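Me: I should like a close look at one part of this predicted model, followed outward into the rest of the chain. Please take the loop residue discussed below as the starting point and give one connected account.

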Amino acid sequence: MKPPARHRHDLIACHECDLLQRLPAEHLAGRVRCRRCGCVLDHGGHDPINPPLALGFTALILFVLSNSFPLLDFSLGGQHASTYLLAGIQQLYAQGAILLAGVVLFTTIIAPLLHISLLIYVFLPLSLGRRPPGFVAALRIMQAVLPWSMLEIFLLGVIVASVKLAERATIVAGPAAWSLAILVFVLAATTTQVHPGRLWDRIR
Ligand SMILES: [Zn+2]
C-alpha cells in the first residue's frame with residue numbers, strides 16, 4: 001500500500017525539547033502532544049483566528065480605559081488627588097528620572113500597545129480570509145515585543161506603593177487599576193491562543 005503523501009509543513013519541532021516529528025494526518029481533530037516530553041504541539045480543532053482577534057479587541061478597549069481614567073485616588077487631610085498612568089510617567093521625567101520614565105513608558109504603554117495593535121493587524125485580515133501585508137514580520141515583532149510588556153510588574157509596584165502609603169493617606173483604586181488588572185489576564189490569555197504554526201495552514 002502506498003504511504004500517505006507527506007508535506008514539509010507536517011514537520012514540527014517541539015518548542016520544549018526540539019524533537020522534530022510529523023503531525024499525524026488527523027491532527028485537526030484534537031490536541032497533539034510531543035512524543036518525547038508530552039508538551040502540547042498543536043491544539044487541534046480550536047479556531048486559531050477568532051479567539052486571538054476577540055482578545056485583541058478586548059485588550060484594546062481595556063488599554064484605552066486604563067489610560068483614560070484615574071489609576072489611584074488619594075485623600076489626605078481633606079485634599080483629594082487622582083493619578084493617571086501617563087501622568088505618573090511624566091512626573092518621573094519631570095523629577096529627572098529620565099531612564100526610569102523611559103523604561104516605564106516602554107513596558108507599560110509602547111510594548112503592550114504594539115502587541116495589541118499587531119494582534120489586530122494580523123488577525124483581522126485573517127478572519128476576513130486575507131493575508132495582511134508583512135504577515136511574517138508582524139508575527140515576529142508581536143512575539144518579540146511580548147516579553148517587554150510588563151503591566152503585571154507595574155501593577156504589583158502600584159499595589160506595594162499603595163500599601164506603604166495607606167498609613168498616611170486614604171487610597172482608592174481607580175477604574176484604570178481595575179481595567180489594568182483585567183488587561184494583564186487578557187494579554188496572558190492571548191499568549192495561549194496564538195499558535196503561529198497553525199496560521200501557516202490558513203495563509204498558504
Ligand atoms: Zn518535546
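Reply: The starting point is Ser149, which sits in the loop between α4 (135-145) and α5 (151-165). Is Ser149 buried or exposed? With a relative accessibility of 10%, Ser149 counts as buried, because the limit for that class is under 20%. Which residues does Ser149 touch once its neighbours within four places in sequence are left aside? The contacts of Ser149 are with Thr107, Ala111, Pro112 and Leu187. Helix α3 spans residues 98-127, and the loop that holds Ser149 lies between α4 and α5.

From this loop the account passes to helix α5, where Phe154 has its place. Leaving aside neighbours within four places in sequence, Phe154 is in contact with Leu71, Leu85, Val104, Thr108 and Leu180. One of these partners, Thr108, is 46 residues away from Phe154 along the chain, yet their C-alpha atoms are separated by 7.2 Å.

Helix α5 also contains Leu165. At a relative accessible area of 34%, Leu165 is partly exposed, whereas Ser149 in the loop between α4 and α5 is buried. Outside its neighbours within four places in sequence, Leu165 makes contact with Phe74 and Ile171. The pair formed by Leu165 and Phe74 spans 91 residues in sequence, and the C-alpha to C-alpha separation is 9.5 Å.

Another helix, α2, covers residues 85-94 and includes Ala87. Ala87 is partly exposed, since its relative accessibility is 30%. In sequence, Ala87 and Leu99 are twelve residues apart, while in space their C-alpha atoms are 16 Å apart.

The surface provides a further feature. A nonpolar patch is formed there by Phe57, Leu60, Val64, Leu113, Leu124 and Leu128, which together have about 470 Å² of accessible area. Both α1 and α3 supply at least two residues of this patch each. The greatest share comes from α1, which gives three residues. Val64 is a member of the patch and has its place in helix α1. Its relative accessible area of 47% makes Val64 partly exposed, because the exposed class begins over 50%.

Turning to the N-terminal part, Asp18 lies in the loop between β1 (11-13) and β2 (20-22). The backbone at Asp18 has a positive phi of about 70°, although Asp18 is not a glycine. Asp18 is also exposed, with a relative accessibility of 62%. Leu23 follows in the loop between β2 and β3 (32-33). In contrast to Asp18, which is exposed, Leu23 is buried at 7% relative accessibility. Leu23 and Arg33 are ten residues apart in sequence, with a C-alpha to C-alpha distance of 9.4 Å.

Two cysteines deserve separate treatment. Cys14 is buried, with a relative accessible area of 1%. Cys39 is in no disulfide, and the nearest cysteine sulfur, that of Cys14, is 3.4 Å away. Why is this pair not counted? The sulfur of Cys14 is 3.4 Å from that of Cys39, whereas a disulfide requires sulfur atoms within 2.5 Å, so the pair falls outside the criterion. The resulting count for the model is zero disulfides. Cys39 counts as buried as well, at 16% relative accessibility.

The confidence of the prediction bears on how these details may be read. Over the protein chain the mean pLDDT is 86, and 90% of the residues reach 70 or more. Among the elements of the chain, helix α1 (residues 50-68) has the highest mean pLDDT, 95, and helix α7 (residues 196-203) the lowest, 72. Over residues 1-7 the pLDDT is below 50, and beyond near neighbours in sequence this stretch has four contacts in the model. Where pLDDT is low, the predicted coordinates should not be read in detail.

To return to the loop requested, Ser149 is a buried residue whose contacts include Thr107 and Leu187.

Methods:
Residues numbered from 1 in each chain as written. Predicted model: local features only at pLDDT ≥ 70, side-chain atom pairs only at ≥ 80, totals over all residues. Heavy atoms only, no water. Helix = DSSP H or I, 4+ residues; strand = E, 2+ residues; numbered from the N terminus. Buried < 20%, exposed > 50% of the residue type's maximum accessible area, 1.4 Å probe, protein only. pLDDT = per-residue confidence, 0-100. Contact = heavy atoms within 4.5 Å. Patch = residues over 30% accessible without salt bridge, like charges linked within 9 Å, V, L, I, M, F, W, Y side chains within 5 Å. Areas by Shrake-Rupley, 256 points an atom, 1.4 Å probe, with all protein chains shown as cover. Salt bridge = Lys/Arg side-chain N within 4 Å of Asp/Glu carboxyl O.
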